[in-house]
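Got your viewer open and a cartoon representation on screen? Let's take a walk through this one, one selection at a time.

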Amino acid sequence: LHGSKVINEDKLQIPHPRAAQRAFVVTPLLEAIAQLRESHDSTFVQRWLEDHVDPHLKNQQPQKLLVPLDSDEKEKNWIANERTLVMGIINATPDSFSDGGHLSSVQSAIDFGLRLVDQGADILDLGGESTRPGAKIPNIQIELDRVLPIIQALRTKIPSIPLSIDTRRAQVAKEAA
């Protein structure tokens with residue numbers, strides 16, 4: 001899942017030592033294996049699950065969960081667990097630890113979001129504040145300036161793709177809605 005890469009630092013461990021105990025990690029893998037069996041060789045993932053996953057997680061039955069996307073358009077609801085949905089992540093920050101801050105402009109973030117959708121993302125998640133340990137916390141206006149132009153452009157260019165906002169601030173969430 002992570003190749004042969006191993007990171008063992010105070011604030012980051014790859015692979016996470018308890019990943020196989022977390023249903024939110026294991027469940028998508030189990031669903032992916034079912035999908036892979038139909039079209040690809042899934043032996044690597046299957047072997048990883050057999051070697052690492054807690055037995056009680058292997059046999060759990062998925063729950064049906066209705067995820068409403070827009071209360072005015074009931075046909076846009078998703079039934080979770082019908083298939084694994086892919087969320088593309090857009091870190092509109094200059095100092096993201098997950099992607100190195102490679103989205104240095106609004107246009108590069110928009111282009112990246114469009115590329116994610118072209119590659120199969122079902123939903124896009126956009127954040128304007130780095131959660132990297134030690135990252136400087138931007139004020140609300142900076143966070144809004146990072147995310148709102150991207151949201152506006154993506155809504156125009158790909159209106160059928162749901163957008164989510166990754167923020168801890170109610171004002172940013174409200175203005176992004």
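Which residues in α4 meet which residues in α5? Select both helices and show side chains: on the α4 side you'll find Val106, Ala109, Ile110, Gly113 and Leu114, and on the α5 side Pro149, Ile150, Ala153, Leu154 and Lys157. Keep in mind that you're looking at a predicted model.

**Zoom out for a second**

Colour by secondary structure and you'll see six helices and seven strands. Tracing from the N terminus, the order is β-β-α-α-α-β-β-β-α-β-α-β-α. The protein has 177 residues, and 31% of them are buried. If you like contact maps, take the contacts between residues at least 6 apart in sequence: 60% of these join residues at least 24 apart.

**Back to the helix pair**

Two packed helices are described by the angle between their axes and the distance between the axes. Here the axes of α4 and α5 come within 9 Å and cross at roughly 40 degrees. An angle under 35 degrees would count as roughly parallel, so this pair is oblique instead. As for handedness, α4 passes α5 in a right-handed crossing.

**Now α5 by itself**

Select residues 140-157, which make up α5. Try a quick sanity check on its length: with 18 residues at 1.5 Å a residue, the helix should span 26 Å, and its end C-alpha atoms are indeed 26 Å apart.

Next, pick out the buried residues of α5: Glu143, Leu144, Val147, Leu148, Ile150, Ile151, Ala153 and Leu154. What do they pack against? Highlight β5 (87-91), α4 (106-118), β6 (123-127), β7 (163-166) and α6 (170-176), and you have the packing partners of those buried residues.

Then move to the N-terminal end of α5, where Asn139 acts as a cap. One of its side-chain oxygens lies 3.0 Å from the backbone nitrogen of Gln141.

**Into the loop: Gly128**

Go to the loop between β6 and α5 and click on Gly128. Is Gly128 buried or exposed? Its relative accessibility is 0%, so it counts as buried. Leaving out residues up to four places away in sequence, Gly128 touches Ala92, Thr93, Pro138, Glu143, Arg146, Val147 and Asp166. Try a distance label to Ile165 too: the two are 37 residues apart along the chain, with 8.7 Å between their C-alpha atoms.

**Last stop: Glu129**

Glu129 sits in the loop between β6 and α5 as well. With a relative accessible area of 16%, below the 20% cut-off, Glu129 is buried. Look for its side-chain partner: a polar contact of 3.1 Å joins the side chains of Glu129 and Arg168.

Expand the selection to everything Glu129 is in contact with, skipping neighbours within four places in sequence, and you get Thr93, Ile137, Pro138, Glu143, Arg146, Arg168 and Arg169. For Arg146, 17 residues away in sequence, the C-alpha to C-alpha distance from Glu129 is 8.7 Å.

Definitions and conventions: Residues numbered from 1 in each chain as written. Predicted model: local features only at pLDDT ≥ 70, side-chain atom pairs only at ≥ 80, totals over all residues. Heavy atoms only, no water. Helix = DSSP H or I, 4+ residues; strand = E, 2+ residues; numbered from the N terminus. Expected span 1.5 Å × (residues − 1). Buried < 20%, exposed > 50% of the residue type's maximum accessible area, 1.4 Å probe, protein only. Contact = heavy atoms within 4.5 Å. Polar contact = N/O pair within 3.5 Å; in protein donor to acceptor, adjacent residues only side chain to side chain. Axes fitted to C-alpha atoms, helices over the stretch in contact; angles between N-to-C directions. Parallel < 35°, antiparallel > 145°, perpendicular 65-115°, else oblique. Left-handed = near helix turned anticlockwise from the far one by under 90°.
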